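This briefing goes through a single protein chain topic by topic, starting from its interior and moving on to links, contacts, backbone and confidence. Please keep the sequence and the model in view while reading.

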Amino acid sequence: CKVGNCMKRKILLFLALFFVTGRVNAQVYYDFDAFADENFQDCIVSSVKEYVYELSFPEDLHITEQDISNLERLDCSGRNITDISGIERLTSVVKVDLSDNSLTSLELLETSTNNTIEELDVSRNSISGLDLTGLPGVQKLNLQNNHMTHLYLKNYIPTLYIVGNDFLAEVNINLRSNSGVDIDDYIKFDNVGASDNSFSVEYN
């Protein structure tokens, strides 16, 4: 190419890198304890860069434990994650997307103190059961296309998707603290997105 055209291309490439990363040669340092699953850790780092720093960070970025605790949105879809150990360190997270991974259990979420979670998407994994009594703030839950056999809910969840769980046999809903909820409306298959399932619903 001509000298002038090559120079223009280099300038455009430089500007593109600058606007995407904030710096051309940005270095990222991890000032926090490592997570058990490297893919999960990479996702957390990416989410911190995008949602905490909004893709505008110093040349030498030191991601700290405080950055992790400040993270409000976690997008980990399609990351081949098998272990979410350490998710309890995300004490401010509101929206969590763990869809399209290789998770078989959400026990760590069930026993965590992540009471800030309002939206949880774990669709297209291999999860067999879920007890959400420890996450009372969830308002939207996507469990589609897992291996669910049972589901325990403590609170009313306005948006619930459970289609594609052919072995789901038990849904237990504790609505004693939700006197204003009409259970007959809540368990309608079209309301919970469960038209492909056949199961019994028990509630206290």
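In this predicted model, the largest nonpolar core holds 41 residues, and those with the most contacts inside it are Phe-40, Leu-74, Ile-84, Leu-141 and Leu-151. The elements that contribute two or more residues to this core are α2 (38–52), β2 (60–64) and β8, and the largest share, five residues, comes from α2.

**Core and overall make-up**

- Leu-74, one of the residues with the most contacts inside the core, touches Phe-40, Cys-43, Ile-44, Ser-47, Leu-90, Val-93, Lys-95, Val-96 and Asp-97 when residues up to four places away in sequence are not counted.
- The protein contains six helices and eleven strands, and buried residues account for 36% of its 204 residues.
- Of the contacts between residues at least 6 apart in sequence, 40% join residues that are at least 24 apart.
- About 11100 Å² of the protein is exposed, and carbon and sulfur atoms supply 48% of that area.

**The disulfide**

- A search of the whole structure finds one disulfide, formed by Cys-43 and Cys-76, whose sulfur atoms lie 1.9 Å apart.
- Cys-43 belongs to helix α2, whereas Cys-76 sits in the loop between β3 (73–75) and β4 (95–97), so the pair ties together parts that are 33 residues apart in sequence.
- The angle about the S-S bond is -95 degrees, which makes the link of Cys-43 and Cys-76 left-handed.
- Cys-43 and Cys-76 are both buried, and Cys-43 is also among the residues touched by Leu-74.

**Polar contact of Tyr-51 and Asp-75**

- Tyr-51 lies in helix α2, the helix that gives the core its largest share of residues.
- Because its relative accessibility is 26%, Tyr-51 counts as partly exposed, given that buried means under 20% and exposed over 50%.
- The side chains of Tyr-51 and Asp-75 make a polar contact of 2.4 Å, although the two residues are 24 apart in sequence and have a C-alpha to C-alpha separation of 9.9 Å.
- Leaving aside residues up to four places away in sequence, Tyr-51 touches Leu-71, Arg-73 and Asp-75.

**Polar contact of His-62 and Asp-31**

- His-62 lies in strand β2, which is one of the elements giving two or more residues to the core.
- With a relative accessible area of 38%, His-62 is partly exposed.
- A polar contact of 2.8 Å joins the side chains of His-62 and Asp-31, and these residues are 31 apart in sequence but 6.1 Å apart in space from C-alpha to C-alpha.
- Besides Asp-31, the residues that His-62 touches are Tyr-29, Tyr-53 and Asp-67, again not counting residues up to four places away in sequence.

**Backbone angles in two loops**

- Most residues other than glycine have a negative phi.
- Arg-124 has a positive phi, near 60 degrees, although this residue is not glycine; Arg-124 is found in the loop between β5 (119–121) and β6 (129–131), where its relative accessible area of 38% makes it partly exposed.
- Asn-145 likewise has a positive phi in a residue other than glycine, with a value near 55 degrees; Asn-145 is found in the loop between β7 (140–142) and β8 (150–153), and with a relative accessible area of 40% it is partly exposed.

**Confidence of the prediction**

- The average pLDDT of the protein is 76, and 70% of the residues score at least 70.
- Over residues 2–24 the pLDDT stays under 50, and the model has 16 contacts beyond four places in sequence for this stretch.
- Residues 193–204 also have a pLDDT below 50, and this stretch has 41 contacts in the model beyond near neighbours in sequence.

Terms used:
Residues numbered from 1 in each chain as written. Predicted model: local features only at pLDDT ≥ 70, side-chain atom pairs only at ≥ 80, totals over all residues. Heavy atoms only, no water. Helix = DSSP H or I, 4+ residues; strand = E, 2+ residues; numbered from the N terminus. Buried < 20%, exposed > 50% of the residue type's maximum accessible area, 1.4 Å probe, protein only. Contact = heavy atoms within 4.5 Å. Areas by Shrake-Rupley, 256 points an atom, 1.4 Å probe, with all protein chains shown as cover. Core = buried A, V, L, I, M, F, W, Y, C linked by side-chain atoms within 4.5 Å. Disulfide = S-S within 2.5 Å. Polar contact = N/O pair within 3.5 Å; in protein donor to acceptor, adjacent residues only side chain to side chain. pLDDT = per-residue confidence, 0-100.
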